[in-house]
Amino acid sequence: MTEEKKLSIALIAHDKKKKDFVKLAVSYEEILKKHTLYSTGTTGQRIMEATDLAIHRFKSGPLGGDQQIGAYVSDNKIDMVIFLRDPLTAQPHEPDISALLRLCDVYEIPLATNLGSAELLLRGLDAGFLNWRAVAKETERKSIDI
Ligand SMILES: O=C(CO)COP(=O)(O)O
């Protein structure tokens with residue numbers, strides 16, 4: 001029997017942060033593999049090359065991947081976002097990035113934008129601190145069913 005996946009997590013990194021994200025994913029693979037994973041195109045590819053994790057990859061960020069993940073956030077399909085942003089390099093798709101970060105705040109989705117907070121979120125995830133997300137989703141599902 002396959003283990004039921006718990007929450008849905010989006011993994012995103014800008015180019016200069018991809019190596020860091022790969023190291024993070026390798027270190028936390030045991031935690032990450034219990035969950036359904038989504039990513040922007042290149043980030044997911046890099047992580048899958050370095051781990052045994054299965055990741056649903058959206059388009060690359062500059063080609064709309066951030067917006068696709070944002071749409072999932074607004075549909076209540078993402079429970080946590082780790083987005084290792086590069087704060088020192090201008091990105092051509094800056095409006096898409098801002099929109100995704102904004103949607104995380106609109107929908108109260110836990111969001112880490114650097115390694116330090118990413119580690120905290122992952123450890124909190126494993127400790128069950130995000131179980132309220134499953135309850136929140138079930139409550140919304142029931143209210144839609146009524
Ligand atoms: O640009 C990104 C996020 O804004 C990341 O996209 P990639 O993972 O495709 O490089």
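Start with helices α4 and α5 (residues 94-106): their axes come within 9 Å and cross at roughly 15°. Angles under 35 degrees count as roughly parallel, so α4 is roughly parallel to α5. The crossing of α4 past α5 is left-handed. Keep in mind throughout that this is a predicted model.

To see the contact itself, show side chains on both helices. From α4, select D66, Q67, I69, G70, V73 and S74. Opposite them, from α5, select D96, I97, A99, L100, L103 and C104. Coloured by class, this contact of α4 with α5 has 7 nonpolar, 3 polar and 2 charged residues.

Next, move to the other helix pair, α1 (residues 18-27) and α3. Here the axes lie 9 Å apart and the packing angle is about 45°. An angle of that size falls outside the parallel, antiparallel and perpendicular ranges, and α1 and α3 are therefore oblique to each other. Their crossing is right-handed, whereas that of α4 and α5 is left-handed.

Which residues of α1 meet α3? Select K18, F21, V22, A25 and V26 in α1; they meet T43, R46, I47 and A50 in α3. By class, the contact of α1 with α3 has 6 nonpolar, 1 polar and 2 charged residues.

Now hide the helices and display the strands. They form an open sheet of 5 strands in the order β3-β2-β1-β4-β5, with parallel pairing. Which strands stand at the edges? These are β3 (55-57) and β5 (111-112); each has a single partner strand, so one side of each is left without a neighbour in the sheet.

Walk across the sheet from the β3 edge:

- β3 and β2: the two strands pair in the parallel sense over 3 bridges. Select Y38 and H56, since H56 in β3 stands opposite Y38.
- β2 (residues 36-39) and β1 (residues 8-13): the parallel pairing here runs over 4 bridges. Y38 appears again, this time opposite A10.
- β4 (residues 80-84) and β5: these strands pair in the parallel sense over 2 bridges. Select I82 and find A112 of β5 opposite I82.

Y38 is a useful residue to leave labelled, as Y38 stands opposite H56 in β3 and A10 stands opposite Y38 in β2.

Finally, turn on the ligand and the residues around it. Select I12, H14, T40, G41, T42, T43, S60, G61, P62, G65, D66 and I97. The elements that give two or more residues to this shell are α3 (41-50) and α4 (65-74). Which element gives the largest share of the shell? It is α3, with 3 residues. By class, the shell has 3 nonpolar, 8 polar and 1 charged residues.

Some of the residues around the ligand were already on screen. T43 belongs to the shell and is one of the α3 residues in the contact with α1. D66 and I97 are also around the ligand, and both take part in the contact between α4 and α5, D66 from α4 and I97 from α5. With these three labelled, the view links the ligand shell to the contact of α1 with α3 and to the contact of α4 with α5.

Definitions and conventions. Residues are numbered from 1 along each chain as its sequence is written. This is a predicted model: local features need pLDDT of at least 70, side-chain atom pairs count only at pLDDT 80 or more; totals for chains, interfaces and linings use all residues. A residue is near a molecule or strand if its C-beta atom, placed from the backbone, lies within 6 Å of it. Ala, Val, Leu, Ile, Met, Phe, Trp, Tyr, Cys and Pro count as nonpolar, Asp, Glu, Lys and Arg as charged, and the others, Gly among them, as polar. Two strands pair if DSSP finds at least two bridges between them. Axes are lines fitted to C-alpha atoms, for helices over the stretch in contact, and angles run from 0 to 180 degrees between N-to-C directions. Angles under 35 degrees count as roughly parallel, over 145 as roughly antiparallel, 65 to 115 as roughly perpendicular and the rest as oblique. A crossing is left-handed if the near helix is turned anticlockwise from the far one by less than a right angle, and right-handed if clockwise. Two residues are in contact if their C-beta atoms, placed from the backbone, lie within 7 Å.
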